[in-house]
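Grab a coffee and work through these exercises with the viewer open. Each one sets a task and then walks through a solution.

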Amino acid sequence: MFQHAFGDPETDFKARDRITAFLSFMFDKSLTLNEEIWGYFENESLKGAYAAERPQAGRIRYWEGVRLIWRLIPLCLRLPGKTLIFLNDYMRVTRNAAPSLPHHYLIMIGVDPNAQGRGIGKALLTHLFCLAESDHRSQGIALDTENEENVVLYRRFGFTLNRETEIGSLPVYCLFYRKK
């Protein structure tokens, strides 16, 4: 999704800057709204992290909304219009595919490429499963991926494919894990 929305950060400095701005906003949003942010560290070095929305208990408070808008304005000024339209379409489509029952929503998850294959992603997901299981409001976890190989991985963790769609030319797989 990042390359589709922002360009290739390996070859395009502007793409790298836009991704950094977007991720910064997303983490600020998660902190402002008291969403779950969790990291996996080895020797004081971050090797993986996730951000997940909790089941919403209520509406955004006034000052939270003001702070988010204050952070959103500079982001909108840094991103091209087509990127903003794509991100809005992505969010609209993926949120409509999520179940209507209360659930955690895995916004993003990532593992340092040099640390992949060592169980860090599994540890991150296990932590999120424990969080969802202990939350009486949550009925499970929803997530989206653009990588068909990830669908196989998430199915091994008990997720089911709710919807397969495309946003532009980007395939999107919407999955859900229902609590037992």
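## Exercise 1: the strands around β2

Strand β2 is mostly covered, with seven of its nine residues buried. Keep in mind that you're looking at a predicted model.

**Task.** Work out which strands pair with β2, and in what sense.

**Solution.**

Step 1. Start with β1: this strand and β2 (residues 45-53) pair in the antiparallel sense, over seven bridges.

Step 2. Check the register. Tyr40 stands opposite Gly48 in β2, and Glu36 has Ala52 of β2 as its bridge partner.

Step 3. Look at the turn. The hairpin of β1 and β2 has two residues between the strands, and Asn43 takes a positive phi near 50° there.

Step 4. Now go to β3. Six bridges join β2 to β3, and the two run antiparallel. Ala51 stands opposite Met108 in β3, if you want a pair to click on.

So β2 pairs antiparallel with β1 and with β3.

## Exercise 2: the cores

**Task.** Find which residues touch the most other members of the largest nonpolar core, then see what one of them, Phe86, packs against.

**Solution.**

Step 1. The largest nonpolar core holds 26 residues, and Phe6, Phe86 and Leu87 are the ones that touch the most other members.

Step 2. Ask where the members come from. Two or more residues each are given by helices α1 (2-6), α2 (13-32), α3 (62-78) and α4 (81-97), and also by strands β3 (104-111) and β6 (170-178).

Step 3. Zoom in on Phe86. Skip its neighbours within four places in sequence, and you're left with contacts to Met1, His4, Ala5, Ile167 and Leu170.

Step 4. Don't stop there: another core, of 19 residues, lies apart from this one, and its members include Ala115, Phe129, Leu131 and Tyr154.

## Exercise 3: a leucine in a loop

**Task.** Is Leu79 buried or exposed, and what does it touch?

**Solution.**

Step 1. Locate Leu79: you'll find it in the loop between α3 and α4.

Step 2. Its relative accessible area is 6%. The cut-off for buried is under 20%, so Leu79 counts as buried.

Step 3. List the contacts, leaving aside neighbours within four places in sequence: Leu79 meets Phe6, Arg18, Leu84 and Leu87.

Step 4. Compare sequence with space. Leu79 and Ile19 are 60 residues apart in sequence, yet their C-alpha atoms sit 9.4 Å apart.

## Exercise 4: salt bridges

**Task.** A search of the whole structure finds ten salt bridges. Take Arg71–Asp28, Glu42–Arg118 and Arg61–Glu64, and give the N to O distance for each.

**Solution.**

Step 1. Arg71 and Asp28 meet through their side chains at 2.4 Å, N to O. Arg71 belongs to helix α3 and Asp28 to helix α2, so this pair ties together parts that are 43 residues apart in sequence.

Step 2. Check the cover on that pair. Arg71 is partly exposed at 26% relative accessibility, whereas Asp28 is buried at 18%. Beyond neighbours within four places in sequence, Asp28 is in contact with Arg67 as well as Arg71.

Step 3. In the Glu42–Arg118 bridge, the closest N and O atoms are 2.3 Å apart. Glu42 is in strand β1 (residues 36-42) and Arg118 in the loop between β3 and α5 (120-134), so the link spans parts 76 residues apart in sequence. Glu42 has a relative accessible area of 25%, which makes it partly exposed, and Arg118 is partly exposed too, at 45%.

Step 4. Arg61 and Glu64 pair up at 2.9 Å, N to O. Here Arg61 is exposed, at 58%, but Glu64 is buried, at 13%.

Step 5. One more thing to look up: salt bridges with shared partners join Lys29, Glu35, Glu53 and Arg95 into one network.

## Exercise 5: a nonpolar patch outside

**Task.** Which residues form a nonpolar patch on the surface together with Trp63, and is Trp63 buried or exposed?

**Solution.**

Step 1. The patch is made of Tyr62, Trp63 and Val66, with about 400 Å² of accessible area together.

Step 2. Place the tryptophan: Trp63 lies in helix α3.

Step 3. Trp63 has 65% relative accessibility. Exposed means over 50%, so Trp63 counts as exposed.

How values were computed. Residues are numbered from 1 along each chain as its sequence is written. This is a predicted model: local features need pLDDT of at least 70, side-chain atom pairs count only at pLDDT 80 or more; totals for chains, interfaces and linings use all residues. Side-chain values use heavy atoms; hydrogens and water are left out. A nonpolar core is a set of buried Ala, Val, Leu, Ile, Met, Phe, Trp, Tyr and Cys residues joined through side-chain atoms within 4.5 Å. Buried means under 20% relative accessible area, exposed over 50%, partly exposed in between (1.4 Å probe, protein chains only). Helices (H or I, at least four residues) and strands (E, at least two) are DSSP runs, numbered from the N terminus. Contact means heavy atoms within 4.5 Å. Patches are made of residues with over 30% relative accessible area and no salt bridge: like charges are joined within 9 Å, nonpolar side chains (Val, Leu, Ile, Met, Phe, Trp, Tyr) within 5 Å. Accessible areas come from the Shrake-Rupley method with a 1.4 Å probe; for residues, only the protein chains shown count as cover. A salt bridge is a side-chain nitrogen of Lys or Arg within 4 Å of a carboxyl oxygen of Asp or Glu. Two strands pair if DSSP finds at least two bridges between them.
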